[in-house]
Amino acid sequence: MKYLIALSLLFSQVSHANDSAAAAATVLLLFGAARGAEHSIYTGRWPDELGDWKSPQTQITAEVVEQCNFLIEGRLMGTNRFNMLMLITKNLEKEVKLKPQDIEFEFESGLVRRGQVDLDTEYTVKKDGKYIIIIPFPRKDDFFNQNKLNVSVPFSAEGKSCNAKLVFDRPQEVKPLLSTYTRMTTVDTELSYGVLANSGNLKKYLGDQSTMFRLQVNLIGQQQHGAYFGFGGTSRYKMEAQDLSDSGLIAFTPTSSLTVFDFGYLYRKILAKKSFLYYRAGIEFSTLYIKDDNYSNLSYRENGLGVHGQLLYSRTFAQIDQGVWMGDYTWNLGLEGHHIFSGDVGNDEFTGSQIGIMGSLTVGI
């Protein structure tokens, strides 16, 4: 689980980094932060604070309390997959021992949670020490329909037990944000299959319609914006009778095929807690293969250039947090479009468009 937290933090922070030095510092820092490590210096930018828990006056979620001469500031933050409590601590007088696994979160509904941290973690905060500790919440959807959160931070100072109480109130005049309680993926692997109608000169080589398989990877650093990389292929077949072991079976022989590689911009919109809308647009590189009249030898192999677009509805049907099948599983249905505007076959062109319906299965983390 801590590696998922690190990955989610990493993509979120690299997308916010102001320069290459800040990005490099962010990468090194956050793999430690995901393990609950302590830090006194930070040169990058933390994940965004939860927008609907910010004070309208200060535009931050900060709550500050002093207990047993131990000053604690808490902030509620979030990435695509995790909400987190960031504790900024300052020891004013005595050495303090703090165990993040003892910190409790109590929601308005009465639900009580503990942070997603290692059970054997313990910090010793020395006098005048300043530290930042990241504590992920176990479930992002715990924030659904909640307006108050009580955080209990027990610690000991020279053998004396103390308990700091942080109280977060969500401003009622602020509209709840879907992104606060909706778990989203950061890296997706998507396998698609669909039927496309061909137009233009593509019809000469692929027929009126063709089926397409696609493999695609999505990288989404923020909740809405990201990039994708896709690879797909489609073929035209000739149906003919062949004598296969005297069975008289019908064989389908490929006569031409088109492979495409595309990449571009991805936009994700949250429709509901487990429903999303994706829009993708990018550049496409294609290769057309044509066989000779005997359908045995390659006659032509030509490259083309085009554009790719996709509109996709996505619905999460399973979320698995442990084991080899760990990930968020979604089914998807949408419109797929390709347009090749540059490509030659001998004295002819294989320009044209493909548009149709694609269905897919996505596994993401």
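**Close-ups: two pockets and some strand pairings**

**View 1. What lines the second largest pocket?** By class, we get 5 nonpolar, 3 polar and 3 charged residues around the second largest pocket. Keep in mind for this and every other view that the model is predicted. The pocket's volume comes to about 210 Å³. Running along the chain, the lining takes in Lys175, Pro176, Leu177, Leu178 and Ser179, then Gln223 and Gln224, and then Tyr267, Arg268, Lys269 and Ile270. Two elements, α3 and β14 (250-272), each put two or more residues into this lining. The largest share is β14's, at 4 residues.

**View 2. The largest pocket, with its central residues picked out.** Here we're looking at about 320 Å³ of space. Twenty residues make up the wall, and nearest the centre sit Asp48, Gly78, Thr79, Ser179 and Gln223. As for elements, α1 (2-16) and α3 (178-181) are the ones giving two or more residues to the lining. The class count for this pocket reads 13 polar, 4 charged and 3 nonpolar. Look out for Ser179 and Gln223: both are among the residues nearest the centre of this pocket, and both also turn up in the lining of the second largest one.

**View 3. Strand β19 and two of its pairings.** Take β11 first: this strand, residues 187-200, pairs with β19, residues 352-364, in the antiparallel sense, with 13 bridges between them. To find your place along that pairing, look for Leu191, whose bridge partner in β19 is Leu361. Now for β17, residues 327-345: this strand also runs antiparallel to β19, and 13 bridges join the two. A handy marker here is Glu336, which stands opposite Gly356 of β19.

**View 4. An open sheet of four strands.** The order across the sheet is β1-β2-β3-β8, and the pairing is antiparallel. Which strands stand at the edges? They are β1 (63-67) and β8 (130-136); each has a single partner strand, so one side of each goes without a neighbour in the sheet. Going from one strand to the next, the twist averages 20°.

**View 5. Zooming in on β2 and β3.** These strands follow one another in the order of that open sheet. Strand β2 covers residues 70-78 and strand β3 covers residues 83-91; the two run antiparallel and are joined by 9 bridges. If you'd like one pair to look for, try Met77, which has Met84 in β3 as its bridge partner. Gly78, in the β2 range, is also one of the residues nearest the centre of the largest pocket.

How values were computed: Residues are numbered from 1 along each chain as its sequence is written. This is a predicted model: local features need pLDDT of at least 70, side-chain atom pairs count only at pLDDT 80 or more; totals for chains, interfaces and linings use all residues. Side-chain values use heavy atoms; hydrogens and water are left out. On a 1 Å grid over the protein atoms alone, a cavity is a set of points where a 1.4 Å probe fits but cannot get out, and a pocket is an open set with protein on both sides within 12 Å along at least five of seven lines; lining residues have an atom within 4 Å of a point. Grid points are joined across faces, edges and corners, and a volume is the space filled by probe spheres set on the points. Ala, Val, Leu, Ile, Met, Phe, Trp, Tyr, Cys and Pro count as nonpolar, Asp, Glu, Lys and Arg as charged, and the others, Gly among them, as polar. Two strands pair if DSSP finds at least two bridges between them. Axes are lines fitted to C-alpha atoms, for helices over the stretch in contact, and angles run from 0 to 180 degrees between N-to-C directions.
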